[in-house]
Every structure is written in structure tokens, then in C-alpha cells.
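Student: I would like to learn how to read strands, sheets and enclosed spaces in a model. Could we work through an example?

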Amino acid sequence: MWYLCVFYHRLLDYRKPEVESLAELFGAFSKDPTNNADLQSNGSASYSLQWKLPKHHHPDSPFHFVNLPSDDIARNVANRSILVKGIFELWGEGSNFEELEESIKSYPDERKLPYLTSDSTFKIAVETFGKVISFEEQNKRIRSLSYIPFKGRVNLKNPDHVFWLIETDDYDSNNGLPPIAGRRIFFGREIGAADRKLLPTYQLKSRTYLGPTAMDAEMAFLMANQAQAKSGKLVYDPFVGTGSILVAAAHYGAMTMGADIDIRVVRDGRGPDCNVWSNFKQYGLPMPIGLLRADNNCPPWRLGLKEVFDAIICDPPYGVRAGGRKSGGRKLLKGVIGPYTVPDDKRTGHIPSTAAYSLVECVHDLLDLAAKMLVMGGRLVYFYPVLREDESIDTTFPEHPCFKLVATSEQMLSYRYSRVLLTMVKIGPYTEEIALAARIKHLEFKENHLKWLEEGNLHSAVFSPADNHLNETGETKISKESKGKYRGKYV
Amino acid sequence: MPQAKRKRDNSTRNASEYCTTNQSNQQETTDNTTSPAAPRPAKIPSIFQMRLLTHNMLSSNIKGVANGFPLKIEVVKVVEKEVDFNIDFLKNMFHKVEWKALVEASTTMGYAELPENADATMLDSDDFLHKFHHALLELHLEEGALVCPQTGRKFPVQKGIPNMLLHEDEV
Ligand SMILES: C[S@@+](CC[C@H](N)C(=O)[O-])C[C@H]1O[C@@H](n2cnc3c(N)ncnc32)[C@H](O)[C@@H]1O
């Protein structure tokens, strides 16, 4: 059934993937063909929904139509989402109020009457996009709906049913909204909506233990939704830092585990009441199952351990703010001195030196870890940095034979840099061959390190995808003019 | 925080930090009259924790080590903490756990109630599930070490965090 889905005008690229991930989580793609019009003919899993745009609407519009199997699924999706302002059963629409009336009247009574009964309470909300209307004007519009046989009592605080009259006027791009040509009015019954009260509760400002790269609450929750975190599942963050991503996963009931190479962050924090553990305690969330200090370049898992995590979610250590480190010292990699043995008496207090960890290698390690450690159907959700040149992203995203990339969501951080949230689903088992290929690659990287270090352009190697080193004169050609009135992916 | 500053912090703070923790750890050892062989669970609730599920997943991946699992547990301080019982999670984990290693580890931690062998049919027993739950999630090693069974190399556990980072010559 088609529903009207109205989004918050934020993080535009993240909106549909969130709905699709949650739809799958709540069973929209069940294999029961009577249940699902979208089932692919071969019966294999599908990860996307059917979407339509209202007439004249730009793809960045907050208004979309989405096909979902049932009210229950639509409600679950909307209520758990972060970016859905509302999912509505559409009772009618039109370019003016006359058309709207006709449309509502022709909507089948058996769909309308159960929500108009005398023993129910209701409320009508009026929402306008592109213009502001007065309170009187709103009331006038509500009264104009008198042809709908509402029998129930009005209850503004806690109604059984909420109806929305939503109007979009034609306007030029405005407040970061894309331009819409042509007025459109919708009337529908609310099925569900995001609970954005979560965000102030979890906002970083009130977090006891914060680091410079802690993930903001909204993004952390979006990541947890992409990963389909829920009770009974185990979620791992190999670059856990202060734990902000796992906090979101734990909120949805998942068990969590994390690792980080930086022992001060993961073990010490800022004292007994201000550390990764206390970030969970603060919200009354279950503590992580385990936190460890480990290098994702040489993971500490036992040989036979496979398919143990249901999801891996992380913000890997690349980008400008927190460069990655891996064990095995710089000197060793550079070959200046031979393999160096740590004297026995120095071992307990020894701090292993760390070498820079390039983007390609970091992603390679992450994909290999995920391919091995995720259950079939498990999800890898992580950020990938891209350099924007000439306003277009020409990016090929990392690929792996065990994975299918199901969503890419870009967020522009500056004129030059974006980060893209990638969601990959494990669709193939981790075979011996794949393990061997990964091992060879791993050794190759060790040599590449040497090269990068000697050429002295490690930074660009860290920040750009493989074989795409920018010439690091540091000059950026993109002028300020490229910032148009309509801001698209900046919001 | 600018990168350069971060780096400087790293090098200066890291060393001293490591020393102080080592000292406090030693103090802990001497203060604690219980011998490592017979650990007594501490009473004061603590938020630091390494559970046996984690132990069951880890191994010593030092270059050249063929049998790095299971790591021996050297106990300095064990805490017991009640954790919400989640049956789905337990069933999910049961198939992933190396049972023998879990039995040994929980015995070392002072809990010897697990059956020698286990199979999936036992998941129907409430009594079994509660024992499994207790061993897997409620016994925490707060201070101690995980020891490589082949080389004896110790991976310290401090404040519930196992330090699995390898030295240069172990990678
Ligand atoms: C971008 S931050 C992630 C921050 C985290 N999301 C948070 O909420 O605080 C990347 C983290 O990766 C860690 N890191 C860098 N190199 C690593 C490696 N080789 N293995 C594991 N962790 C590493 C850094 O110490 C840092 O905490």
C-alpha cells in the first residue's frame, strides 16, 4: 500500500536508506508473497522499497510516497526512525481545496469510517511548507473539512487519531528547501512519526566522557538504524573511541563490544566516573559486553571465530581530525633499522610504537574483519571519506565479494570533503580463498607503507581512495560561488 | 583538537600514564590478601568489566604462535555483577562459544557449576541457561592478565580492559 512519507528536511541522503533498513528490520521484505508486492520474482532478498514523488517535486523534497506492506510495518518504521516527520495514510490530495474535497470523498468509506467513530478522539494538525499562515487561517482550513463526517471528540493532547492537512505552495528555493512548482494539498491519517526527543536526551553536550571525534547523537542513531541494531544482537565497533556509536546501538537493545588502539581513551578516560563505561551508565543502558585495546590491523580474535557479530558499525580513523595508527613502528616499516626485539625487562611497561594507517589499508582490514566476523545477512555500516572535485563526487566505493552495498549517504563537511555512510550486507560466506587473498593484500600493504613514507605524501594517501593521489599543493579551486541558495546535502 | 597537538600529547602522556597504572596495579596485588588461585568476588560495584564471553573470543595472535587459544586467566580481582537475562542473546551466543574454554575459564574465576559438555538441547533447561548466563556475562575480571598458552606472554587486564596490542616484534 502507498503511504505519504514526509521527512524532516535534514541529511537528505540518509532519509530513504533509513526507511528501507527499518522496513527490512520490521519484516517488509518477508518471503511471503501474499504479504509483499515488492518481492523479487526469484524470491531473493530485496533491500529497497518503491518510492514515488508527488508531481513537480524535486527528489530532495520532504514529500515522498512509499510502498509498504502494512500499517503495522509503516508505524514501526516511522516510530523508530530519526528522519521521518510522519508516515500518513493518504485520504486525498489536490492542487486546490476543491480537488482535495473530491479526492477525500472518493476515498473508500471502509478505510475512513473506522477512524471517525463517536467513541474515538482526534485532532487535526495543519502544516504549511513554503509559507506561514495565521492561527485563524489554520482554523478556517480545518473548518473547511466539514464534509468529512468526524463523530469523535477533539483531544489536542492525547488523541487516538491524528489527521494532517499539509499544504505546499509553489515557491522558489527557500530555507534550504528545493523549489516546488505548483501547489499541492494533502490530507491523511498519521500512522507514525520519529521520536526526536531522543536527540536532546543523548546529545553530546550532556555526555560525561567526550572525545574530539565523538559521533553526534543524530548520526549515531542513524547508523544504528542502518545496522538494524536490536535486542538479542551483538554489535561491534572496532574504533570505539568514547563509545558514542555503541551507545545508540545499546539504546535499541543490542549487546555491544568495542576496541580501540588508544589505551588512554578506552581504558582510562578521565577517571572512574568519566570513561566509556560511564557513557552507558549515564543513560541506564546495559554496559558493553567487552571493551578492549586492540589494533584493527592485527585483530585479537581466535582462529575459528567466525560469524559472531550481527553488525559492525564504526567511524574509522581517517580524515583530518584523527589519523589512524597501527602497531609496528615507523622505523621498522621504513627499514631504517632491522626488526627490533623489545628487551625482556622493558616488556611490561612497553608502549608499542605505532605507524600511520592509510585509508586503503584501514578499509581493507575493516572489510576483511567484517567478511569474517559478521553473520550472513549481517551489516557493516561505516563512514568513507571522499574528496569533492568540481562539485561532483566521482567515487567508486569499496567492494568485497562477501558484500552487497545497499546504501550510500553523503554528508558534505566542507567544499572539499564529504563523508559517505556506507551500508553493506553480507551476502556470501568467508571462504578460504577470500581469506588467502586478504592475507596477501595485508602483506602488500606493509610494503606500500614504506613507499608512502619515503615519498612523504602519506597524508594524501590517507585521505584519498586508492590510486587517486591528489597533487598536494594544497590549493583548492572550488570558489565560494559554488555555494548556491539551495544547500542540498549541506543540511 | 588540532592534529599536531594531539600527537604531542600522545608521546608525553602515554609513558607516564602507563607507569602509574602499573604501580596502582601492583598495589592492588599486594593489598589483596586473596591468592589468585582462590579469588573472592569483590563487594563494591564497579563499572569496569571483562566478561568470559570476551575471553572466549580472544587469542594470542603473536607471530609464530600456533595455539594462542584459550588464553590462561591470571586473576587479581574478580567482580560479580547481575546482568539482565536475555534469552535470545544467550541462544545466539551458545553456538559461537568454545564450551571447554568457557568451563575452564569460569572455574579459574571461581565458578564451577557449568557441565563438562553441553549441546543445544540443553538450551531448553532454565537451570542450564541461568548457569550459562552467569558464567558468560556475570563474572568479570577487573584486574589480572590473559596469558598466552604457548609463550607465556601476558596481556594485562586493567580496569576490565584487556590490552591485546602486540609489540613490534610480535606482529
Ligand atoms: C574517528 S575516531 C572514532 C570515535 C568514536 N566513534 C567515538 O565515539 O569516540 C577513530 C578511533 O580509532 C582509533 N584507532 C586509530 N587507529 C586504530 C587501529 N589501528 N585500531 C583500532 N583503533 C584505532 C582512534 O584511537 C580513535 O579513537
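**Reading sheets and spaces**

Tutor: Start with a single pair of residues: B:Glu80 has B:Leu139 in S2(B) as its bridge partner. Keep in mind that this is a predicted model.

Student: Which strands does that pairing belong to, and in what sense do they pair?

Tutor: S1(B) and strand S2 (residues 139-147) of chain B are joined by 8 bridges in the antiparallel sense.

Student: How many strands form the sheet in chain B, and in what order?

Tutor: The open sheet has 4 strands in the order S1-S2-S3-S4, with antiparallel pairing. Strand S1 (72-80) and strand S4 (161-162) of chain B each have a single partner strand, so one side of each has no neighbour in the sheet.

Student: What else does chain B contain besides its 4 strands?

Tutor: Chain B also has 5 helices. Read from the N terminus, its elements follow the pattern α-α-β-α-α-α-β-β-β. Of the 171 residues in chain B, 48% are buried.

Student: What is the order of the strands in the open sheet of chain A?

Tutor: That sheet has 7 strands, ordered S11-S10-S9-S12-S15-S17-S16, and its pairing is mixed. At the edges are S11 and strand S16 (403-412) of chain A, each pairing on one side only. With direction ignored, neighbouring strands in this sheet are turned by 15° against each other on average.

Student: Is strand S10 of chain A mostly covered or uncovered?

Tutor: To judge this, count residues under 20% relative accessible area as buried. In S10(A), residues 255-260, 6 of 6 residues are buried. A:Met255, A:Met257 and A:Ala259 point one way, while A:Thr256, A:Gly258 and A:Asp260 point the other way, and all are buried.

Student: How does the chain cross from S9(A) to S10(A)?

Tutor: First take the pairing: strand S9 (residues 234-237) of chain A runs parallel to S10(A), with 4 bridges between them. A:Tyr236 has A:Met257 in S10(A) as its bridge partner. The connection from S9(A) to S10(A) passes through helix H8 (residues 244-251) of chain A, giving a right-handed β-α-β crossover.

Student: Which other strands pair with S9(A) and S10(A)?

Tutor: S9(A) also runs parallel to strand S12 (residues 309-314) of chain A, with 2 bridges. There, A:Tyr236 has A:Ile312 as its bridge partner. S10(A) pairs in the parallel sense with strand S11 (residues 290-293) of chain A over 4 bridges, and A:Asp260 is bridged to A:Arg293 in S11(A).

Student: Now for enclosed spaces. How many cavities of 30 Å³ or more are there?

Tutor: The general idea is that rolling a probe the size of a water molecule over the atoms shows where empty space is left. In the whole structure, the search finds 4 such cavities. The largest cavity holds about 50 Å³ of space. Its lining comprises A:Cys298, A:Pro299, A:Pro300, B:Ser59, B:Ser60, B:Asn61, B:Phe155, B:Met164 and B:Leu166. By class, the lining of the largest cavity has 6 nonpolar, 3 polar and no charged residues.

Student: What lines the second largest pocket?

Tutor: That pocket has a volume of about 1100 Å³. It is lined by 39 residues, and those closest to its centre are A:Pro299, A:Leu303, A:Lys372, A:Arg439 and B:Asn61. Helix H12 (359-373) and helix H13 (432-455) of chain A are the elements giving two or more residues to this lining, and H13(A) gives the most, with 8 residues. By class, the lining of the second largest pocket has 17 nonpolar, 12 polar and 10 charged residues.

Terms used. Residues numbered from 1 in each chain as written. Chains lettered and ligands numbered in written order. Predicted model: local features only at pLDDT ≥ 70, side-chain atom pairs only at ≥ 80, totals over all residues. Heavy atoms only, no water. Buried < 20%, exposed > 50% of the residue type's maximum accessible area, 1.4 Å probe, protein only. Pairing = 2+ DSSP bridges. Right-handed = clockwise from strand over helix to strand, strands pointing away. 1 Å grid on protein atoms, 1.4 Å probe; cavity = no way out; pocket = protein on both sides within 12 Å on 5 of 7 lines; lining within 4 Å. Points joined across faces, edges and corners; volume = space filled by probe spheres on them. Nonpolar A, V, L, I, M, F, W, Y, C, P; charged D, E, K, R; others polar. Axes fitted to C-alpha atoms, helices over the stretch in contact; angles between N-to-C directions.
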